[in-house]
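Me: I am new to this structure and would like to know the reasoning behind its descriptions. Could we go through it together?

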2 protein chains.
Amino acid sequence: MTGKNERYQEILAAARNVFAEKGFDDTKVSEIAQMAGVAKGTFYIYFPSKLDLVLALVREMQGKILSEAEKVTNLNVDHFEKLVQVIKIAFIVIESYRDVFPIFNAVSAFKTDQWKVEKEIRIPYYNVLKTLIENGQKSGEFNRKLNAEMTAVLIVGMVEHVAHDCFIYHSDYCIDDYLHTIDSLLRKALKGR
Amino acid sequence: MTGKNERYQEILAAARNVFAEKGFDDTKVSEIAQMAGVAKGTFYIYFPSKLDLVLALVREMQGKILSEAEKVTNLNVDHFEKLVQVIKIAFIVIESYRDVFPIFNAVSAFKTDQWKVEKEIRIPYYNVLKTLIENGQKSGEFNRKLNAEMTAVLIVGMVEHVAHDCFIYHSDYCIDDYLHTIDSLLRKALKGR
DNA sequence: TATAAAAGACTGACAGTCAGTCATATAAGT
DNA sequence: ACTTATATGACTGACTGTCAGTCTTTTATA
């Protein structure tokens, strides 16, 4: 059981190394297998396809974001501070997955119905943000006029695009610069009377 | 000369039909060629690769957004109104290119250095937004504390993610719902004292 | 000895190539 | 002017190389 899970993890780790170097499309399954020290056939015992391996990595990334975010929501600070921390967590985890993150954005281009998988993976994080905003609204800390669900989508858009700008485009600005700008922008938008 | 350009356009149009139906990865070059009524070899006279065809379509889309946006920047309305209109234009054009838009986001996953191309295509739109924000700041209409360039990146993130939510995820919300939310969010963030 | 894991040779599909065809345009010969 | 030769380049589709995914065989384990 442990042995089997080790192989699985070895292949995941090897895949991340090759993706980091070559990107998704130029990475051959045989290379991943070689780097993991197994034969190509073994790869297919653990993963039904190359795309499924990527989805496993993306789910792993989202899982880490969620578990870290849940810790924050239990902290004893105001709702705005929680929101900023949840955004910061996303940046930190995405940075540690900078090799798989660009592929996440690409998933819906591969097969026509993959957008369902992509959406399903994003929904829990949307919900964390949505609940946080709703709670802030109920407590009177946040402006009640904004739709919490749509605002959550807007925030995810900002977060992912900033991650793209910093980790893929190698922007002049770093994550902390952006965090500061997001903080002032959202502070006015959510707490403004 | 015209004839050559016609073939080029025919292949672009055919490609969009097939992409709309099957997505990028499941579309075969031979299908695009067949739909355009030419042989596969002819495709490669006009486009060096399948990916280059997509980039041509994406550049076409960005070109339309830019030319429409430039009209708006010359209008005689306040800066905030211009900003909202430029955002609305992006939505309208992206909607008419909903078949190629998901592929745009995927470009950087294909080859490791494609992010340069992706960035180069986005820069002009970033600049339109940046200039608009800077002008608003100079005139005293917008809060001077926000960094115009980073704010432009944040807005593009919101716009593209919303487009994704509406045109690919088939969200419960429509573009007009989101436009309204973006309007109130940015109004407070930019015009708030 | 049976059962599961691992191996890698094999297959099919498809992106991209290339040697050659064909229609049209231009020049030459009558 | 009018036929015939020459050149051009758009167009073709059979062909090649590559690689994802399969399948049969081999090896380890219980």
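Me: What makes up the lining of the largest pocket, by class?

Reply: Happy to help, and please keep in mind that this is a predicted model. The lining has nine nonpolar, four polar and two charged residues. Ala, Ile and Pro count as nonpolar, Arg as charged and Thr as polar.

Me: What is the volume of the largest pocket, and which residues are closest to its centre?

Reply: The volume is about 280 Å³. Of the 15 residues that line this pocket, A:Ala20, A:Arg98, A:Pro102, A:Ile168 and B:Thr112 are the closest to the centre. Lining residues have an atom within 4 Å of a pocket point. Two or more lining residues come from each of α1 (2–22), α6 (101–110) and α8 (148–168) of chain A, and likewise from α6 (101–110) of chain B.

Me: How do you know how the two copies are related?

Reply: Chain A is laid on chain B by a turn of 180 degrees with a shift of 0.0 Å along the axis, and the RMSD is 0.1 Å. The two copies are therefore related as by a two-fold rotation axis. In chain A, the C-alpha nearest that axis belongs to A:Ala106, at 1.9 Å. Both copies use the same surface, as 98% of the contact residues of chain A recur in chain B.

Me: Which residues are closest to DNA strand D, and what makes a residue count as near?

Reply: A residue is near the strand if one of its heavy atoms lies within 4 Å of it. There are 15 residues around DNA strand D, and the closest are A:Lys40, B:Arg7, B:Ala39, B:Thr42 and B:Tyr46. Of the DNA strand D atoms that come within 4 Å of the protein, 62% belong to sugar and phosphate.

Me: Why is the pair formed by B:Thr42 and a phosphate oxygen of DNA strand D called a polar contact?

Reply: A polar contact is a pair of N or O atoms within 3.5 Å. A polar side-chain atom of B:Thr42 is 2.7 Å from a phosphate oxygen of the strand, so this pair meets the cut-off. For A:Val29, a polar backbone atom is 3.1 Å from a phosphate oxygen of DNA strand D. For A:Tyr44, a side-chain N or O atom is 3.3 Å from a phosphate oxygen of the strand. Both distances therefore fit the cut-off as well.

Me: Which element gives the most to the surface near DNA strand D?

Reply: That is α3(B), with four residues. By class, this surface has six nonpolar, four polar and five charged residues.

Key: Residues numbered from 1 in each chain as written. Chains lettered and ligands numbered in written order. Predicted model: local features only at pLDDT ≥ 70, side-chain atom pairs only at ≥ 80, totals over all residues. Heavy atoms only, no water. 1 Å grid on protein atoms, 1.4 Å probe; cavity = no way out; pocket = protein on both sides within 12 Å on 5 of 7 lines; lining within 4 Å. Points joined across faces, edges and corners; volume = space filled by probe spheres on them. Least-squares fit on C-alpha atoms with pLDDT ≥ 70 in both. Contact = heavy atoms within 4.5 Å. Polar contact = N/O pair within 3.5 Å; in protein donor to acceptor, adjacent residues only side chain to side chain.
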